[in-house]
Amino acid sequence: MQRIVIADDHGLYRRGLRLALTASIPGAEIFDAACFDAVIRLLEQQVSIDLAILDLNMPGLFDQEVLCDVISAYSDTRFAIVSADGSRAEILKALSIGLHGYIVKSQRDEEVVLAVNEILAGRIYVPSLLSRTSGGQGQHALPLSETSPTRRRAGIDNLARLTLRQKQVLKLMAEGYSNKEIGRNLEIAEATTKIHAAAILRELGVRNRTEAAVLLQGWLANNEGS
């Protein structure tokens with residue numbers, strides 16, 4: 001039985017993809033997730049997730065660097081991006097960080113099903129745009145990104161973009177708790193805590209926990225005075 005996570009904040013797309021995969025992959029068990037927190041919960045709680053299909057723009061998933069942490073923490077799961085952006089640059093950038101496939105939302109149902117089957121079979125899937133220029137399908141070398149995505153500007157306003165779980169992790173980080181202690185407090189794995197912590201630092205545009213704590217304290221002080 002194949003176990004697949006479909007993660008997208010658009011319910012209509014999730015339901016459509018679920019129907020297409022259920023009809024074409026007999027016995028597949030499919031889980032829905034509307035945000036990054038829900039994806040991490042499923043990966044942590046469910047045994048042997050074979051494939052996670054992630055919308056890069058869903059709440060809580062701020063950039064592809066965060067995906068590096070997820071891929072490392074859940075090495076037995078294969079990961080694919082689903083996106084409305086089918087540009088060559090975006091596809092190459094996604095695959096260069098270790099993702100196992102890139103699905104464009106405009107692709108036909110049969111193409112998406114083919115993509116999912118390719119990834120589940122252990123191959124790397126790219127849309128036809130890259131298949132034509134790379135000489136076919138299957139494994140092939142992809143260039144590594146020369147530079148990491150530009151860090152977002154630090155700012156109190158970015159705190160509002162954090163998910164509920166990320167805000168809980170940030171609060172405990174600011175209080176000086178270690179990843180292991182935060183995980184114990186929130187009843188999540190230490191690896192999961194590390195993923196959330198990395199996402200928080202990148203979204204806030206800060207270099208370390210101390211800077212994140214200062215940002216949080218500034219936000220709290222402003223709100224207490226209002």
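Mentor: Two strands count as paired if DSSP finds at least two bridges between them, and in this predicted model that criterion can be set against strand 3 and strand 4.

Trainee: What makes strand 3 and strand 4 a pair, and in which direction do they run?

Mentor: Strand 3 (residues 51–55) is joined to strand 4 (residues 78–83) by 5 bridges, and the definition asks for at least two, so the two strands pair; they run parallel. As an example of the register, Ala 52 has Phe 79 of strand 4 as its bridge partner.

Trainee: What is the strand order of the sheet, and why are strand 2 and strand 5 said to stand at the edges?

Mentor: The sheet is open, with 5 strands in the order 2-1-3-4-5 and parallel pairing. Strand 2 (29–33) and strand 5 (101–104) each have a single partner strand, so one side of each is left without a neighbour in the sheet. On average, and with direction ignored, neighbouring strands are turned by 20° against each other.

Trainee: Which strands does helix 1 lie across, and at what angle does helix 1 run to strand 2?

Mentor: Helix 1 lies across strand 1 (3–7), strand 2, strand 3 and strand 4, and its angle to strand 2 is about 170°.

Trainee: Why are helix 1 and helix 5 called roughly perpendicular?

Mentor: The axes of helix 1 (residues 11–24) and helix 5 (residues 109–120) come within 10 Å and cross at roughly 65°. Angles of 65 to 115 degrees count as roughly perpendicular, and the two helices are therefore described in that way. The crossing of helix 1 with helix 5 is right-handed.

Trainee: Which residues meet where helix 1 and helix 5 come together?

Mentor: From helix 1, Leu 17, Ala 20, Leu 21 and Ser 24 meet Asp 109, Val 112, Val 113 and Val 116 of helix 5. Sorted by class, this contact has 6 nonpolar, 1 polar and 1 charged residues.

Trainee: How do you know whether helix 2 and helix 9 are roughly parallel or roughly antiparallel?

Mentor: The axes of helix 2 (residues 36–45) and helix 9 (residues 190–204) come within 11 Å and cross at roughly 160°. An angle over 145 degrees counts as roughly antiparallel, and helix 2 and helix 9 are therefore roughly antiparallel to each other. Helix 2 passes helix 9 in a right-handed crossing.

Trainee: What makes up the contact of helix 2 with helix 9, by residue and by class?

Mentor: Phe 36, Asp 37, Ile 40 and Glu 44 in helix 2 meet Thr 192, Ile 195 and His 196 in helix 9, which by class gives 3 nonpolar, 2 polar and 2 charged residues.

Definitions and conventions:
Residues numbered from 1 in each chain as written. Predicted model: local features only at pLDDT ≥ 70, side-chain atom pairs only at ≥ 80, totals over all residues. Heavy atoms only, no water. Axes fitted to C-alpha atoms, helices over the stretch in contact; angles between N-to-C directions. Helix = DSSP H or I, 4+ residues; strand = E, 2+ residues; numbered from the N terminus. Parallel < 35°, antiparallel > 145°, perpendicular 65-115°, else oblique. Left-handed = near helix turned anticlockwise from the far one by under 90°. Contact = heavy atoms within 4.5 Å. Nonpolar A, V, L, I, M, F, W, Y, C, P; charged D, E, K, R; others polar.
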